[in-house]
Amino acid sequence: MKNNKTALVTGASNGIGFELAKLLAKDNYNLVLVSRGEEKLEEAKQKLSTYGVEIRTKSSDLSVYEDIENLKNWVDQNNIDLDILILNAGQGYGGDFVHSTDLSRELSLIRLNVDSYVHMSKLFLKDMVDKNEGKVLMTSSVSGTTPIPFEAVYGATKAFVNSFFYAVRNELKTTNINMTLLMPGGTETNFFKNADMAQTKIGSMKKDKPEDVAERGYYALMSGHEYAYGSDDVEYEGDILNRMQSESQKAQRHRMISEPSPKS
Ligand SMILES: NC(=O)c1ccc[n+]([C@@H]2O[C@H](COP(=O)([O-])OP(=O)(O)OC[C@H]3O[C@@H](n4cnc5c(N)ncnc54)[C@H](OP(=O)(O)O)[C@@H]3O)[C@@H](O)[C@H]2O)c1
């Protein structure tokens, strides 16, 4: 039987977001796919069309305030009633904060990884609360549980998402809105290449498969669990190591894998 429910996924054209969209399509959710590149969105739509659900795409740069306002207006004008909201679009950026990274890129990263999560939540949660029904998944990172040198701004954006997520989740505890936090560790997507980190130790390490990470997040979302990590190893890192060690110990541990090599 067809499910008439609809999910909006940001960062749906690739990686973890695409795999989450695939799981939703398999469960017969109609989809709204959001990211910047129109061609990649169209490709994702084609790939997901085998599941026979209704798929719409909306190209938006979520680091831009007006694009988020336009996205919400477009959703309203098309009478799209969202049952699931997946805030997943995010980017990384590696490098030496004092000597080499670019401030305008860091501020743009904050607009995407932080501002867009707040802005999208502000605009879309109200509708869910009004009908007292809905599910929200926010993709953060295990990096939200530790400072991460040479990705200093990225790590801080994910710590923000973790704190913001738990606060809003608590505010909504008397409603039927379920909120789940997905905290991947290193995952085989375009993330590290786009973050200029392909040459670092962490960039070249073996990583989790995006489909496995998405599966864990999706299971948690559908089961009403508050959070999921990308794998058992990442869960150990987030829930044991990062709760046991001091902030400076954790920072030093991460430095060993994120410091750019002298040649890179
Ligand atoms: N991969 C990892 O190791 C890892 C680890 C921990 C957490 N995460 C988190 O997982 C999430 C998904 O990342 P991923 O690994 O799947 O990365 P990915 O393969 O690079 O996919 C990122 C997706 O976000 C979209 N996107 C990027 N910038 C955007 C913008 N300004 N506006 C709208 N959409 C944008 C991309 O499409 P366009 O470029 O066409 O816009 C793409 O669809 C992110 O929040 C990331 O921080 C990833």
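Student: How far does a polar side-chain atom of Arg 36 lie from an oxygen atom of the ligand?

Tutor: In this predicted model, a polar side-chain atom of Arg 36 lies 2.8 Å from an oxygen atom of the ligand. A pair of N or O atoms is read as a polar contact when the two lie within 3.5 Å, and the side chain of Tyr 154 offers another case, with an N or O atom 2.7 Å from an oxygen atom of the ligand. The backbone can take part as well, since a backbone N or O atom of Gly 185 lies 3.5 Å from an oxygen atom of the ligand. Taken alone the ligand exposes 880 Å², and the protein buries 94% of that.

Student: Which residues around the ligand come nearest, and how do the residues of the shell divide into nonpolar, polar and charged?

Tutor: There are 33 residues around the ligand, and those that come nearest are Ser 13, Asn 88, Tyr 154, Thr 187 and Thr 189. Sorted by character, the shell holds 10 nonpolar, 20 polar and three charged residues.

Student: Which helices each supply at least two residues of the shell around the ligand?

Tutor: Helix 1 (15-26), helix 4, helix 5 (152-171) and helix 6 (191-194) each do so, and the largest share, three residues, comes from helix 6.

Student: Where is Thr 189 found, and is Thr 189 buried, partly exposed or exposed?

Tutor: Thr 189 is found in the loop that runs between strand 6 (177-183) and helix 6. The relative accessibility of Thr 189 is 22%, so this residue counts as partly exposed, given that buried means under 20%. Sequence and space should be read separately here, for Thr 189 and Gly 15 are 174 residues apart in sequence and yet 5.0 Å apart in space, C-alpha to C-alpha.

Student: How should I read a salt bridge, and how many salt bridges does the count come to?

Tutor: Side chains of opposite charge can pair when their charged atoms come close. Here the count comes to 15 salt bridges, one of them formed by the side chains of Arg 105 and Asp 196, at 2.8 Å from N to O. Arg 105 lies in helix 4 and Asp 196 in the loop between helix 6 and helix 7 (201-204), so the pair ties together parts that are 91 residues apart in sequence. Arg 105 itself counts as partly exposed, at 27% relative accessibility.

Student: Where do Arg 243 and Asp 239 lie, and is each of them buried or exposed?

Tutor: Arg 243 and Asp 239 both lie in helix 9 (residues 232-244), four residues apart, which is about one turn of the helix. They form a salt bridge in which the closest N and O atoms are 3.0 Å apart. Arg 243 is exposed, with a relative accessible area of 59%, whereas Asp 239 is buried, with a relative accessible area of 15%.

Student: What is the case for Arg 255 and Glu 259?

Tutor: Arg 255 and Glu 259 also form a salt bridge, with their closest N and O atoms 3.3 Å apart. Arg 255 is partly exposed at 33% relative accessible area, and Glu 259 is partly exposed at 38%. Salt bridges can also share partners, and in this way Lys 72, Asp 76 and Asp 127 are joined into one network.

Student: Which residues form a nonpolar patch on the surface?

Tutor: That patch is formed by Leu 103, Leu 107 and Ile 110, which together have about 250 Å² of accessible area. Leu 107 lies in helix 4 (residues 103-131) and is partly exposed, with a relative accessible area of 40%.

Notes:
Residues are numbered from 1 along each chain as its sequence is written. This is a predicted model: local features need pLDDT of at least 70, side-chain atom pairs count only at pLDDT 80 or more; totals for chains, interfaces and linings use all residues. Side-chain values use heavy atoms; hydrogens and water are left out. Patches are made of residues with over 30% relative accessible area and no salt bridge: like charges are joined within 9 Å, nonpolar side chains (Val, Leu, Ile, Met, Phe, Trp, Tyr) within 5 Å. Accessible areas come from the Shrake-Rupley method with a 1.4 Å probe; for residues, only the protein chains shown count as cover. A salt bridge is a side-chain nitrogen of Lys or Arg within 4 Å of a carboxyl oxygen of Asp or Glu. Buried means under 20% relative accessible area, exposed over 50%, partly exposed in between (1.4 Å probe, protein chains only). A residue is near a molecule or strand if one of its heavy atoms lies within 4 Å of it. A polar contact is a pair of N or O atoms within 3.5 Å; within protein, one must be able to donate a hydrogen and the other to accept it, and residues adjacent in sequence count only if both atoms are side-chain atoms. Ala, Val, Leu, Ile, Met, Phe, Trp, Tyr, Cys and Pro count as nonpolar, Asp, Glu, Lys and Arg as charged, and the others, Gly among them, as polar.
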